[in-house]
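Biologist: I would like to walk through a protein model with you, step by step. Could you show it to me before we start?

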Amino acid sequence: MDKYVGSRNITVVDKVKGIRFPLFLMYPTPVPSKKINLGPFSIKATPDAPVGNSQYPLVIISHGTGGNHLGYLTIAQYLAEQGYIVAMPEHYGNNRNNNDLEGTIENLINRPRHICLVIDVVSLDPQLKDHVQKNNTAVIGHSMGGYTALAVAGGSPWSESREKIEVNSDSRVKAIVLLAPATLWYTPDNSLANVKIPILMLIAEHDPYAPKIHADIVIKQVADASQLSFRVVKNAGHFSFLSPFPPSMVHPGFLPSTDPEGFDRKAFHRILNQDLLTFLNSALLNPESKP
């Protein structure tokens, strides 16, 4: 049976902060998928299609600092085909169009708050509320998105001046995926003591932005080592976790498109998609089994 995907754009409104930001959704639908273009990317997802008749876990993808929330469309499409509602928020003030909050305490506070708001919005949306398992959510975080996932899972970040940063955690999040995560805010050593859910963490072998010291913080502090699945992706770079770009955009002057010499991003993403699905199915559909 074909696995069709629908898509929607929603605007998330944060009344407390007085801001709004876009959210792109992909989800299972009974309507045959159509090929659509989103900027330079081409995906198969019918805009505004009805949601499938079942109930689906929610996966939220958190992009990196100064990044693009649509940079993970191949991952989102694959997971939607496999029975997940996938939400991709653009983090206000920390994206490619507006990066004014990069490096600020406000950004560290806001990012996990955005994840909580996304769960709220999806859970209350008239078309989605009867089809989403809001209490069965996972967060996939790349780079700064890894910081975000850890914070919403119970991590306690600290500023460079060693002041504790008060952030929103959310018990509806049952698993997290860390892709080349940025984690240096999680010191001292007990900062991740309350992160007690399954974690899949993948880092790149050649990563000048999030080298292994970031992963070591998670490995050292995770509350239950049996909950952590970790591996280094050989010959990968920091941006290798982004969806493959069209050939016309792949050049040294556009860093997100670049990989270490000899690395095949398309081939890697076929493996990555399978790894993500295996982990998410284990953590969300069969939580009694270990990742």
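Modeller: Gladly! First, a word we will need: helices here are DSSP runs of H or I with at least four residues, and they are numbered from the N terminus. Please also keep in mind that this is a predicted model.

Biologist: Then let us start with the sheet. Which strands are the edge strands?

Modeller: The strands form an open sheet of 9, in the order β5-β1-β2-β7-β6-β8-β9-β10-β11, with mixed pairing. An edge strand pairs on one side only, and that description fits β5 (46-47) and β11 (228-237).

Biologist: Is strand β8 mostly covered or mostly open?

Modeller: Buried means under 20% relative accessible area. In β8, residues 132-142, 8 of the 11 residues are buried. That makes β8 mostly covered.

Biologist: In which sense do β6 and β8 pair?

Modeller: A little background helps: strands of a sheet pair through backbone hydrogen bonds, either parallel or antiparallel. Strand β6 covers residues 56-62, and Y56 stands opposite V132 in β8. Over 7 bridges, the pairing of β6 and β8 is parallel.

Biologist: And β9, how many bridges does it share with β8?

Modeller: Look at V139, which stands opposite I176 in β9. Further along, G141 has L178 as its bridge partner in β9. Strand β9 (residues 173-179) pairs with β8 in the parallel sense, and the number of bridges is 6.

Biologist: Which helix makes a β-α-β unit with β8 and β9?

Modeller: The unit is built from β8, a helix and β9, and it is right-handed. The helix takes up residues 144-152, and its name is α3.

Biologist: Why is α3 largely enclosed by the rest of the structure?

Modeller: The elements covering its buried residues include β6, α2, β8, β9 and α4 (212-221). The buried residues run through M144, G145, G146, Y147, T148, A149, L150, A151 and V152. So α3 is largely enclosed because its buried residues number 9 of 9.

Biologist: Just after α3, which residue takes a positive phi?

Modeller: Follow the chain just past the end of α3. There, a positive phi of about 120 degrees belongs to G154.

Biologist: Is A153 buried or exposed?

Modeller: A153 sits in the loop between α3 and β9. A153 touches I176, N194, V195 and I197, leaving aside residues up to four places away in sequence. Its relative accessible area is 11%, and the cut-off is under 20%, so A153 is buried.

Biologist: Now the pockets. Which helix gives the most to the lining of the largest pocket?

Modeller: The largest pocket has a volume of about 780 Å³. Its lining has 35 residues, and nearest the centre are G64, T65, G66, G67 and S143. The lining divides into 17 nonpolar, 15 polar and 3 charged residues. With 3 residues, covering part of 105-124, the helix that gives the most is α2.

Biologist: And which element gives the most to the lining of the second largest pocket?

Modeller: About 270 Å³ of space lies in this second largest pocket. Of its 15 lining residues, T74, S243, P244, K266 and H269 come closest to the centre. At least two lining residues each come from β4 (41-44), α1 (73-81) and α5 (265-285). The one that gives the most, with 4 residues, is α5.

Biologist: How many residues of the lining of the second largest pocket are charged?

Modeller: The lining divides into three groups. There are 8 nonpolar and 5 polar residues, and the charged ones number 2.

Key
Residues are numbered from 1 along each chain as its sequence is written. This is a predicted model: local features need pLDDT of at least 70, side-chain atom pairs count only at pLDDT 80 or more; totals for chains, interfaces and linings use all residues. Side-chain values use heavy atoms; hydrogens and water are left out. Buried means under 20% relative accessible area, exposed over 50%, partly exposed in between (1.4 Å probe, protein chains only). Two strands pair if DSSP finds at least two bridges between them. A crossover is right-handed if, with the strands pointing away from the viewer, the path from the first strand over the helix to the second runs clockwise. On a 1 Å grid over the protein atoms alone, a cavity is a set of points where a 1.4 Å probe fits but cannot get out, and a pocket is an open set with protein on both sides within 12 Å along at least five of seven lines; lining residues have an atom within 4 Å of a point. Grid points are joined across faces, edges and corners, and a volume is the space filled by probe spheres set on the points. Ala, Val, Leu, Ile, Met, Phe, Trp, Tyr, Cys and Pro count as nonpolar, Asp, Glu, Lys and Arg as charged, and the others, Gly among them, as polar. Contact means heavy atoms within 4.5 Å.
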